[in-house]
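Work through the exercises below with the sequence and the structure side by side. Try each task before reading its solution.

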Number of protein chains: 2
Amino acid sequence: MTPVALFDRPEYELRLRTVKSRMGQQGIDTLILTDPANMNYLTGYDGWSFYVPQAVVVSEDLDEPVWIGRGQDGNGARLTCWMSENAIEPYPDYFVQSEVRHPMDYVAEVIRKYRLDRGVIGVEMDAYYFSAWAYQRLQAGLSDARFVDAHLLVNWVRLIKSDQEIFYMKQAGEIVTSAMNTAMGYIRAGVREADAAGEIFRAQIQGTPEVSGDYPAIVPLMPSGVRTGAAHLTWVNRRYERGDAVNIELAGCVHRYHAPLSRSAVIGRPSDRLIDLAKVVIEGIDAALLVVQPGRLTEDVDAAWQQVIRRYGYAKDSRLGYSVGLNYPPDWGEHTASLRLGDKTILETNMAFHLIAGMWLDGYGLEISESFRVTPFGAELFANVERKLFVLDDQDDVGGTEWRLSLSGS
Amino acid sequence: MTPVALFDRPEYELRLRTVKSRMGQQGIDTLILTDPANMNYLTGYDGWSFYVPQAVVVSEDLDEPVWIGRGQDGNGARLTCWMSENAIEPYPDYFVQSEVRHPMDYVAEVIRKYRLDRGVIGVEMDAYYFSAWAYQRLQAGLSDARFVDAHLLVNWVRLIKSDQEIFYMKQAGEIVTSAMNTAMGYIRAGVREADAAGEIFRAQIQGTPEVSGDYPAIVPLMPSGVRTGAAHLTWVNRRYERGDAVNIELAGCVHRYHAPLSRSAVIGRPSDRLIDLAKVVIEGIDAALLVVQPGRLTEDVDAAWQQVIRRYGYAKDSRLGYSVGLNYPPDWGEHTASLRLGDKTILETNMAFHLIAGMWLDGYGLEISESFRVTPFGAELFANVERKLFVLDDQDDVGGTEWRLSLSGS
């Protein structure tokens, strides 16, 4: 079986060296990674197998990371990882959802086999797929080790992307552009929400003639009508009606790298309060993006945004954005740098963020966002969709023509 | 805001009473649920917000379950839960991905507010979204309580479905039938895998003219060619070729209730070894389904399967199936009863299973499955797709006509 090489081997080796160096700084001898994105980052492993416990082990004493997963996923590891056969350690199926055994018992066994069970072991204490019980089993199986929290250690290494990673994110940007345009071209009064969602999914997955879309880590979020006051609702079994507001948040994804994007739309005539909100939000985003350049702080980006919306009497207490890139469900965010007050990450070239100006007010809301990377010349957007409140008119039945109200604040 | 009632209030009340009764039997005063499916089961809450910590609290001292989640998801809770406003407890955004605070600190605060912090507290120790760190924060915030493992307590209550739940699963069965037929009608030599995947997604989401599809908890798994030897791979950026085998595993989903289905196909002429394997697998599934009726054990179903495949010299060391129903990513399985040796769950009417005869051999593999519910008259299938190895001929370019080799073992 020939592995699919998404990155050159030197890139994987550089990632590994960087992680080992951080481990050294933090006094960690062995790292047990359970976050699927971190596992992928260091090994290339890609499969929808994170519903069972699995891990990647990194140690200064090991030349390669070691992949440990379910037996039936061993072939998947051989097909997607860059390491040698020795570094693939599948566990028997009787560890799966058993009342007497846990896959982390097997992970402990592998660590003992490599004689890594006496030093300091780092685990990702707050990672999605590292359960309280998984931790207890590891502790029980490795009682001579000292455990420390290494949550986000690899995530922070992921913060600055390589050119190849940025290349995939730009491809994802092309896909999200197509998916958002599909949404705005399809949604009108009388259309079922699920039919619009289905068209959007198809655009996300079919991608472009050159590039296949991967599944994004979050499904399209697209609350409409009264549901726009809620941030994370999907489609329901109803037809759009004239007067509906629709918030759409979705991503393009290529080889697990994401470019998310949000736009809001109104079917028919938008209310004055929504038009007013959109103007302010767009002006705020323009101001925030202008701040982006190497050397500025993440909180500076938020401050520019806050200054604009405050001037118009609005407030937003949730953060303005977050680092984005490689990920798996349930989230495309990297959980490291945020665009918010108090976050003092220094911007560097090839960091990438999703700046999402989501305003969820009482009974209505609006979301407009951009994904971008930091360059020496400022923010470079991944998507290319007009930054405005979309007004989808349903008066002209022929061809679903769309009439757009220009609201750009710039 | 008017909640969408997917179930009558008496059904939610019955679920709550059943859970409280099990808590009583296990000496649990307060239950903190973090599994999104269990949260939904008791409250109706539905939103893609499980990427931040959230919980539902159940106690004999509380009339209603209490939903605790992120501030911006409070409106989503108000729109989807059956409880009163008092039972919605949103936390401020400064708890999100903070280095100094954790949402579980807020959960502990709510539990103290209700004076539930001195008894026995059950937590779901091995649930996906209950991290090791979340557990430590809860323990720190509720130091007078005694914690016990209540993992799967609610999952076991979910094992036997109500008629309304079965109704949604039958609708999901119609959708998976349509999605699988879409796949088999679209895949042929020269088609890009992602284009097929996009059509499948669209069929899953657009559902039927009457019923919208919800997003399934797992994306379509559809390894082809050499990748069919791996269980959990998705599509890649390639075109199908004559001679490819394709394994497709996907689900229809309605209101988070799943009907999964697998079929395998070959583009062109299947190899003799694959034809042989398919015959055996189909005969094994037929034998297993015949065993299903109230009073039989889950392991009896597996035994009937094993007997057939052993006679032909095959072996399968992973389980034959598992309980299925309501769920969220990353899994549609319920993690309770399995169809496997040693599992002695007694079958009852309205239990539902995904019986998946997946064989992953060296360099090739095959998957044929059925979802069914138990009835007094035997297994009732949710989907209606011919049980066979599909042979997709690409000779006839007009209309993508499909030529099927009948291999039914019955």
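**Exercise 1.** Find how many residues join β12(B) to β13(B) in their hairpin, and trace the pairing on both sides of β12(B).

Solution.
- Step 1. The hairpin from β12(B) to β13(B) has two residues between the strands. Helices (H or I, at least four residues) and strands (E, at least two) are DSSP runs, numbered from the N terminus.
- Step 2. β13 (residues 378–381) of chain B is antiparallel to β12(B), with four bridges. Two strands pair if DSSP finds at least two bridges between them. B:R373 has B:E380 as its bridge partner in β13(B).
- Step 3. Go to β11 (residues 352–360) of chain B: nine bridges tie this strand to β12(B), again in an antiparallel run. Here B:A357 is partnered by B:I368.
- Step 4. Four residues lie between β11(B) and β12(B) in their hairpin, where B:G363 has a positive phi near 85°.
- Step 5. Check burial. In β12 (residues 365–375) of chain B, ten of the eleven residues are buried, so the strand is largely enclosed by the rest of the structure. Buried means that 20 or more other C-beta atoms, placed from the backbone, lie within 10 Å of the residue's own; exposed means 12 or fewer, and partly exposed is in between.

The model is predicted: local features need pLDDT of at least 70, side-chain atom pairs count only at pLDDT 80 or more, and totals for chains, interfaces and linings use all residues. Residues are numbered from 1 along each chain as its sequence is written, while chains are lettered from A and ligands numbered from 1 in the order in which they are written.

**Exercise 2.** Give the strand order of the open six-stranded sheet in chain B, then place helix α2(B) on it.

Solution.
- Step 1. The order is β4-β3-β2-β1-β5-β6 (chain B), and the pairing is mixed.
- Step 2. β4 (88–91) and β6 (146–149) of chain B are the edges, each pairing on one side only.
- Step 3. On average, neighbouring strands are turned by 25° against each other, direction ignored. Axes are lines fitted to C-alpha atoms, for helices over the stretch in contact; angles run from 0 to 180 degrees between N-to-C directions.
- Step 4. α2 (residues 36–43) of chain B packs on the sheet and touches β1, β2 and β3 (66–70) of chain B. Its direction makes about 55° with that of β2(B). Contact means C-beta atoms, placed from the backbone, within 7 Å.
- Step 5. β1 (residues 30–33) and β2 (residues 55–59) of chain B run antiparallel, joined by four bridges. B:L31 sits opposite B:V58.

**Exercise 3.** Describe how chains A and B meet, and how they are related.

Solution.
- Step 1. 65 residues of chain A contact 65 residues of chain B. On the chain A side, α8(A) gives the most, with ten residues.
- Step 2. α8 (residues 193–206) of chain A packs on α8 (residues 193–206) of chain B at about 165°, their axes 8 Å apart. The two helices are therefore roughly antiparallel (over 145 degrees).
- Step 3. α5 (132–141) of chain A is among the elements covering the buried residues of α5(B). Those buried residues include B:W133 and B:Y135.
- Step 4. A rotation of 180° with 0.0 Å of shift along its axis superposes chain A on chain B, RMSD 0.0 Å. That is the relation of a two-fold axis. The fit is by least squares on C-alpha atoms of residues with pLDDT of at least 70 in both.
- Step 5. 100% of the interface residues of chain A are also interface residues in chain B, so the copies meet through the same surface.

Note on methods:
Two residues are in contact if their C-beta atoms, placed from the backbone, lie within 7 Å. Angles under 35 degrees count as roughly parallel, over 145 as roughly antiparallel, 65 to 115 as roughly perpendicular and the rest as oblique.
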